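Work through the exercises below with the model open beside you. Try each task before reading its solution.

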Amino acid sequence: MKKILLASVAGAGLLASCGGVLTADPVTNLAVSSYSTDWQLNSDVRDQNGQVIPKGTYLICDNKNTKMQVGVTFQGGLQQLALQFKGYNTGTTKTVATNPLNATNSSGSGTYEYTFGPNTAPLSVGGGNLSAQAIIVNPITNVTVKGYTYVRVQGYDLAGNASNVATSPTAIPVADCAS
């Protein structure tokens, strides 16, 4: 059974419907299509278990601000998106939501940006919005991998109905990064 990531979003949809009947185009087939951060490995590194993380991998620098963009694809009318960051080993989660969009997004895709503050990864983030700007990638070599986190997303239509939950295909390394 799918768990709703952000029950308050659905509740907001119910409150909005008190003034009349909302017609909503349900969000279906939601998927994480991409993710990137403003930190990227410029050489192969090994994690704490000896696993090689290849050059070009995006990561979350736990000791620095990290901007992360998450691309999603979907069908229907997306009014709001909830993102959940889930620890690979611990299973601990943190859920955040975008601000409701000014207009329902029916384009079938979107990119959402969030900023992690220092010492808050893998699971604590600041708020974010739909963003069309590209992030500036900083190459990094010297890292100490602390763990990994997955990105999970769930969309909501205008009436607050929840979509499926989609998970990133790979976990994102979380590390302390040296300049």
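The exercises cover confidence, salt bridges, the disulfide and the nonpolar cores.

This is a predicted model, in which local features need pLDDT of at least 70, side-chain atom pairs count only at pLDDT 80 or more, and totals for chains, interfaces and linings use all residues. Residues are numbered from 1 along each chain as its sequence is written, and side-chain values use heavy atoms, with hydrogens and water left out.

**Exercise 1. Find the stretches where pLDDT is below 50 or stays under 50.**

Solution.
- Start with the scale: pLDDT is the predictor's confidence in each residue, from 0 to 100.
- Take the whole chain next. Its mean pLDDT is 78, and 77% of its residues reach 70 or more.
- Residues 1-20 have pLDDT below 50, with 32 contacts (heavy atoms within 4.5 Å) beyond near neighbours in sequence.
- Residues 122-133 stay under 50, and the model has 38 contacts for them beyond four places in sequence.
- Where pLDDT is low, the predicted coordinates should not be read in detail.

**Exercise 2. Trace the network of salt bridges and place each partner.**

Solution.
- Apply the cut-off: a salt bridge is a side-chain nitrogen of Lys or Arg within 4 Å of a carboxyl oxygen of Asp or Glu. The structure holds two.
- Take Lys146 and Asp62. Their closest N and O atoms are 2.4 Å apart. Lys146 lies in strand S12 (residues 143-156) and Asp62 in the loop between strands S5 (60-61) and S6 (66-75), so this bridge ties together parts 84 residues apart in sequence. Strands here are DSSP runs (E, at least two residues), numbered from the N terminus.
- Now take Asp176 and Lys146. The closest N and O atoms are 3.7 Å apart. Asp176 sits in strand S14 (residues 172-177) and Lys146 in S12, so the parts joined are 30 residues apart in sequence.
- Put them together: Asp62, Lys146 and Asp176 are linked in a network.
- Check accessibility. Buried means under 20% relative accessible area, exposed over 50%, and partly exposed in between (1.4 Å probe, protein chains only). Asp62 is buried at 3%. Lys146 is partly exposed at 45%, and Asp176 is partly exposed at 28%.

**Exercise 3. Which cysteines form the disulfide, and why is it left-handed?**

Solution.
- Look for a pair of cysteine sulfur atoms within 2.5 Å, the cut-off for a disulfide. The structure holds one.
- The pair is Cys61 and Cys177, with sulfur atoms 2.0 Å apart.
- The torsion about their S-S bond is about -90°, so the disulfide is left-handed.
- Cys61 lies in S5 and Cys177 in S14, so the pair ties together parts 116 residues apart in sequence.
- Cys61 is buried, with 1% relative accessible area. Cys177 is buried too, with 4%.

**Exercise 4. Which strand gives the most to the largest nonpolar core?**

Solution.
- A nonpolar core is a set of buried Ala, Val, Leu, Ile, Met, Phe, Trp, Tyr and Cys residues joined through side-chain atoms within 4.5 Å.
- The largest has 23 residues; Met68, Val70, Val72, Leu81, Leu83, Val151 and Val153 have the most contacts inside it.
- Strands S1 (28-37), S6, S7 (80-87), S9 (109-116), S12 and S14 each supply at least two of its residues.
- S6 gives the most, with four residues.
- Another core, of 13 residues, lies apart from this one; Ile140, Val143, Ala175 and Cys177 are among its members.
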